[in-house]
2 protein chains.
Amino acid sequence: MVEPQGLRAIRCGVRRHAGPSGLFFPMGAVGSAFTQLQQHLHHTRLLGSISSALYYDQNTVMPAAGAAWRGEQLALLAGQLHERQSSAEYAELVGAAEAELGADAPPERRRNLELLRLELERQRSLDPDLVRALAMAQSRGNAVWQDARARNDFSAFAPALQELIALRRQQANQLAAAESVARSPWEILAQPFEPDVSKARLEELFAPLKVELPALLEQVARARGQAATKGAPSAADLPEALQEQLCGELLDSWGYDPARCQRSRSAHPFSCTLGPQDFRITTRVVPGQPLSAFLATAHEWGHSLYEQGLPRGDDHYYPWPLGEATSMGVHESQSLFWECRVARSQAFAERWHPRFRSGLGGGPASDPWGGVPGFWRALNPLQPGLIRVEADELSYGLHIVLRYELELALLEQEMPVEELPQQWNRRMGEWLGLVPERDSEGCLQDIHWAEGLFGYFPSYALGHLISAQLAEAMERDLGGAGAIAGAIAAGEERRLQQWLGARVWPLGRSVNGEELVARVSGQALSAEPFLRYIRGKVEALQAPS
Amino acid sequence: MVEPQGLRAIRCGVRRHAGPSGLFFPMGAVGSAFTQLQQHLHHTRLLGSISSALYYDQNTVMPAAGAAWRGEQLALLAGQLHERQSSAEYAELVGAAEAELGADAPPERRRNLELLRLELERQRSLDPDLVRALAMAQSRGNAVWQDARARNDFSAFAPALQELIALRRQQANQLAAAESVARSPWEILAQPFEPDVSKARLEELFAPLKVELPALLEQVARARGQAATKGAPSAADLPEALQEQLCGELLDSWGYDPARCQRSRSAHPFSCTLGPQDFRITTRVVPGQPLSAFLATAHEWGHSLYEQGLPRGDDHYYPWPLGEATSMGVHESQSLFWECRVARSQAFAERWHPRFRSGLGGGPASDPWGGVPGFWRALNPLQPGLIRVEADELSYGLHIVLRYELELALLEQEMPVEELPQQWNRRMGEWLGLVPERDSEGCLQDIHWAEGLFGYFPSYALGHLISAQLAEAMERDLGGAGAIAGAIAAGEERRLQQWLGARVWPLGRSVNGEELVARVSGQALSAEPFLRYIRGKVEALQAPS
């Protein structure tokens, strides 16, 4: 009550903040090494989730002028998190818990300690000077990129990118010390997003996409040329209030519980976990894209369902690694399942077309799509474009393979940064039949490289493959081919949720992404299920209505 | 990038969090003691403002199930704040800065160090065991009170209150060591809210209120009896969207800048500062009270204007004490000025009545108030009630004096806790002519005592007195009696803001509340300006329309 912040806190009504945290983390607590480590992790989680809360606020409410201060708040927390995850004290806690681990210890406990050890060694293998230099280069890179993109000036961005590549290479060299198997620099940088990922596997998985997807795109383009009316009709915008209402109805029908989740508006849709019982999703209404908010809601809800379904049960899970999402690819598979497999499906279009119509008044002018087939096609434009985040299921994978190959070339194959635009544009022309006129719509479009984030893009494509393979396993379990469509037609998506909630979400980090797929589907991950699915969908979309 | 939180952070897109805070707080930074202390305070501010951000989220968006985790996050930050404000390391920083202070040091620096020293000594005079016991008792007290109020069972709350009183007395005893002058326990507890406040001064200030306000209330009641039509007409509810729109128009006309401030909905209106350039206010729409959101917006905006106007200029202010609000009474004077002196004024009613009418359609049925005088009376019901937070300007002071006297009796005069309901009800009957039928509408209505918050209530009444006295000074400067009404009539409230921004807000904590009033008005604070103002208002409200 006598902090300098006193008055401010009181104006905010935060009277209960004055208590010491000792209530939750008694100083000098005694207990087993395991318990002490658990308390340490719990505290780390609290800090991490505070960051998430600040991030959520920043992107939904914060006034623009608050940005600099918010940056300092986040940096302060990041510093505390880094310290908690790499300090000698923490290393001792992990070591003591390992020493305490008897031969009869539960395997979950062993796995948790393995994962913690791996992350600890990674943190400790890094030179703090490099960590600092990287943070500064990321921050600079982002600022330079924002400006270069706005002015469509790749050459202004090139030196920053060059510096980020050099620093990331150094980082990979330092991290190599913590690796138990030999990995290339790109592979090392990709580990945090996709544990155990290798270039060899990605090449196996992506090779069929590089062959089949351009062929399918060509087929679609030919068909569109023959029957212009089969394209997605350009529906007028839906009123914003109607879009909001339909998003709300969608969530309600998919088990949204406002006591556990809240949704807001933000410039870019995202999903966020703020605590073990506190989930948030955001959407935006995009002028000229009447179905964008609806599909983004389905997508973000898919992410949130996974987070909400992660195991929380006992001492092995929260706040331990086993209670976390296992990889970005698996995360993305969950959002893509609900967006593409469900919300873009024919069965779903049939069920929801009447709602969209009646939202527009129900009169003769209330159907800009001219019936269910048109509505379904509007949900699946199958029209290649320059921008990844606007891509549909058919061309999305090619956007990713392109980025994967180029970041590999930059990081490991000595490709000069200056060649990036030309290499980008060449692949776009070959695979998608489109060449960007401006780098701002080409190699400057994504934020990832601007912050030196290499190794992240493949997860997006893996998400499509994993979603398709899990969907096949789901159909086998739920009654065979067509079971998903059947559940959707019957308005019983909760059956799909129940299956994911029984088979996928509780696995946490007990397995990596590939192991998860193998365990759930009985098969090694491959591109085949996705290609089967997308071929079938293209065919159905082209069938006479 | 390799924290356990990695994936979660990335899902949230918080990629830039990975940087170390070293950017902002270099380890082992060298510099003068002053600079080191400033860095320490800056860091403390960051933590305090993170708490405020979490509080804001909690009250505007957070789903109910997030409460327990949020409580842990806030307790963690409170612990860090307490540590930073009482540690030996911090004490050394303050001591070194004091030692560095030469005879020619600027007076602002001296004042800052005095304020920091005072707060430090307070923090360090407290036994950590007591701090912990208090935090637990507050938390328990709040929970017990929620339940007791819901069940209207004072006896269930009495033991918790008794314990809080005992702990607060202990706290006052410990804090006495840090006081430079002799103060009673109640006075010591009130210092954080109203620095240098004394019972003797409060008795001087409140005595005229106890005499005059009941008399005025009686006069109003008599007049109402004679002419029933002069009461506030009971307007039908205004549509929620219209209330929102009018609140927005009000803020726009009062200089609201969405780049620096955002507003949200919350269960109870509040104003909050999240950073030096990040302000928030909240309101709510209350069914059956069509003007509530509008007046609350005026009130909270007044708080926010003060915060936005606090000095930020140079090394003496942010993050130093001089850059802070000086007292709760002064803070409240700023909100009350905009709510009561401006938004409830006759000139304002005249200017805004057409907007309310046109918002309702502008037709003959669009004026539930039957003209400006009725609208003005609706803004000023002058009808005593049982509930403090719903009280108008005339009876509000009496609600406060009642609480002040009772908490004094509890803390310093051995009044048994059991007598509280009876003593409460007796005063309500005498002063307001109303006796609560239930304690939930009587001595159980406020949260303050449930958390052992004694010494806080008088600031609310001081706010009325300070607002009135500053308003008289403002009128002298702006052209004499009626200058405020004149500015409002001309739609030039910015002139009033400019005056406050020149005379009041920049003072920060260079003076305490009473000194501020004396400096700005040239007179010691007294109840007379408020009584002059309220007598005039009552008379005008009763004049034939």
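Two strands count as paired if DSSP finds at least two bridges between them. The exercises below concern a predicted model.

**Exercise 1.** Work out which strand order the open sheet of 3 strands in chain A has, and which strands are its edges.

*Solution.* The order of the sheet is β1-β3-β2 in chain A, and its pairing is mixed. Each of β1 (261-265) and β2 (271-275) of chain A pairs on one side only, and these are the edge strands. From one strand to the next, the twist averages 25°. Turning to a single pair, β1(A) and β3(A), the latter covering residues 278-283, run parallel and are joined by 5 bridges; Q262(A) stands opposite R280(A) of β3(A). Finally, helix α11 of chain A, residues 292-309, lies across β1, β2 and β3 of that chain, at about 165° to β3(A).

**Exercise 2.** Check whether the length of helix α5 (residues 107-125) of chain B agrees with its expected span, and find what its buried residues pack against.

*Solution.* The expected span is 1.5 Å times one less than the number of residues, so the 19 residues of α5(B) should span 27 Å, which agrees with the 27 Å between its end C-alpha atoms. Among the buried residues of this helix are L113(B), L116(B) and L120(B), and the buried residues of α5(B) pack against α3 (67-86), α4 (88-100) and α7 (154-175) of chain B.

**Exercise 3.** Identify the helix that gives the largest share of the largest nonpolar core.

*Solution.* The largest nonpolar core has 117 residues, and F157(A), F294(A), A298(A), V401(A) and L465(A) have the most contacts inside it. Its largest share, 10 residues, comes from helix α15 (residues 393-412) of chain A.

Methods:
Residues are numbered from 1 along each chain as its sequence is written. Chains are lettered from A and ligands numbered from 1 in the order in which they are written. This is a predicted model: local features need pLDDT of at least 70, side-chain atom pairs count only at pLDDT 80 or more; totals for chains, interfaces and linings use all residues. Helices (H or I, at least four residues) and strands (E, at least two) are DSSP runs, numbered from the N terminus. Axes are lines fitted to C-alpha atoms, for helices over the stretch in contact, and angles run from 0 to 180 degrees between N-to-C directions. Two residues are in contact if their C-beta atoms, placed from the backbone, lie within 7 Å. A residue is buried if 20 or more other C-beta atoms lie within 10 Å of its own, exposed if 12 or fewer, and partly exposed in between; C-beta atoms are placed from the backbone. A nonpolar core is a set of buried Ala, Val, Leu, Ile, Met, Phe, Trp, Tyr and Cys residues joined through C-beta atoms within 7 Å.
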